[in-house]
Amino acid sequence: MMCVSDPRATSRTRGCRSIRPCTTSSGAAPLVLVIMSDASYKFLCDSYANGEYAVNIDLDEEERRAITQVHDDNVAILGMTALDPAGVLSHAADSLAELRTSVKGECRKVFAIGRELRFVLCVQQQGRVGAVDARIDARTALDIDRFLNRRYGRTLIQHVKSGHEITVDGSIKMDHSNGRVYVAVVRVGPHYAKVGSLSRLQEIRRAELARCGVDPSRLADDFEHHLAYSPAMPWPQKLKKIVVISPRGSQGANDLLGQLQKSRAFTCVEDRGVTFQGRGAADSIVNALARHSASDADIVVLARGGGRIETLSPFDEFEVAKAIVVSETPVFTAIGHKDDMTLADRAAAASFDVPASAGKALCARPFKVDEQNLKKAKRATVVANAIKPKADVVEGAVYRDLVQRCAHLNTALAQVQREYTNCLNMYHVQLHRNGFQRIQLRSRAIASALLVASFVGGFALAEGFWVSTSGWLAVAFGVAMSVYIAKGPARALKVPSRLHNSTPDLWYAAAEKVRTPREFSRLWPYWPKP
């Protein structure tokens, strides 16, 4: 679904008629909803590449209302107004006395550090991505996991998942190690959307790229960056000139340029007149690609270093991806994020995880060079070898021998570490099995003794050897205790309310002498029955 505006006269281009809506009294053209075939859409994309149309790809109103309803339900349950991630910092600055807030957004980069869960909440705002870090400590995560499991039949990991649209409630804090502000989550809204606004927007834009002719394999969910040189990449037959588009001060781009400038097979040109962050970043990238689209460059590389997730929003714009698709010169991307796959990466001829990988691949490609350049390269190599001291050759042989020995030592060390890990895991499993068997035997023995004593007492009371009301109470208590103790192995497999916090030495000492189900559940939480 698209909104197209064209205030110019009707004309025919490439055998298709362009669309002109009726103008209003003010002379401005209204927005027209157009439903067209694939052929018409291809013509519209070509016209858009030439600057004839403005295409706006966004979420449907029904999808937007569904996601809004999810947040409204969560706000009603949590009892607090939810903010967008970009408004969290301003909220903390304006209300220093009230640092408790609710945040809504889509989960990205979900990972665990021990029992602590960390993720990033993102939302689309005015063409940009706003993001804020969120953390759930181990104790809070256990409480939230119990609540979700008891009331809604799902775990916290199933709820807080990459791509889910959720609402959280917590306090705003600052990580003193890096100075970043994050939300310490204490409550999570029970409702969520499986496909968030950003993920749905990405699906729509990927569908539009498929119609523009992008390879479907690059649009798949399992598509990964190139890590090294591959002959399957769309390499040119000859390479004389590479243009690197990057902002000023980018360390990753500097590393790439340092690698490319060492090669004698081609010329490397820098284009620093571009910005990759802030307002106008997408237009700046589109203009830079247009400058080199019909130039004498053989490859154009978009390169930048790493950064936060919100700095990637210009590379997820449809205008940037479309400019890469229609470029006559092959475009490679090296944006510097291993885990993130932007729309520009999918539209490019080849994408690399970091600029250093792009530099290695470009320098490793056996390009066909001109005869003149080949002679100059051979002459320079001969001269360099002639003046090279013999001591360098000896040092090079010693260095290669040391590198080979280090490689063997690293392989042996990795093997020892694997064997140690396997032995430690086997020891943990054996301790777990022995402890569970000890609890089973102890529970059965004590329960049997209590049950026999209860039966003997009951027989004595029934035959009249001993008449007392408290005696019958004692018999009933003994039977109840025997049943409770007999269920000790089952209680040992339940999730404990408090974990065993101690040093490894104390943990092993307790694991070797575990006697009660409570100690067993604290030592081995979440372990299955052996």
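Strand β9 (residues 165–175) is largely enclosed by the rest of the structure in this predicted model, because eight of its eleven residues are buried. Antiparallel partners pair with β9 on two fronts. Strand β6 (residues 100–113) runs antiparallel to β9 and is joined to it by seven bridges. Within this pairing, Lys-104 has Thr-167 of β9 as its bridge partner. Strand β10 (residues 180–188) is also antiparallel to β9, with eight bridges between the two. Here Asp-169 is bridged to Arg-187 of β10.

Aromatic contacts were examined next. Eight aromatic pairs were found. In one of them, the ring centres of Phe-436 and Phe-520 lie 5.8 Å apart. Their planes meet at 55°, so the pair is classed as tilted; an angle over 60 degrees would have counted as edge-to-face. This contact links distant parts of the chain. Phe-436 belongs to helix α13 (residues 390–463), whereas Phe-520 belongs to helix α17 (residues 517–523). The two residues are 84 residues apart. Both Phe-436 and Phe-520 are buried.

The two phenylalanines also belong to a cluster linked by ring pairs. Its other members are Tyr-427, Trp-507, Tyr-508 and Trp-524.

Rings also meet charged groups. The charged end of Arg-135 sits over the ring of Tyr-182, 4.1 Å from the ring centre. A second such arrangement involves Arg-491 and Tyr-484. There, the charged end of Arg-491 is placed over the tyrosine ring, 4.0 Å from its centre.

Technical notes. Residues are numbered from 1 along each chain as its sequence is written. This is a predicted model: local features need pLDDT of at least 70, side-chain atom pairs count only at pLDDT 80 or more; totals for chains, interfaces and linings use all residues. Side-chain values use heavy atoms; hydrogens and water are left out. Rings of Phe, Tyr and Trp (its six-membered ring) pair if their centres lie within 6.5 Å; planes under 30 degrees apart count as stacked, over 60 as edge-to-face and the rest as tilted. Helices (H or I, at least four residues) and strands (E, at least two) are DSSP runs, numbered from the N terminus. Buried means under 20% relative accessible area, exposed over 50%, partly exposed in between (1.4 Å probe, protein chains only). A charge sits over a ring if NZ of Lys or CZ of Arg is within 6 Å of the ring centre and within 35 degrees of the ring normal. Two strands pair if DSSP finds at least two bridges between them.
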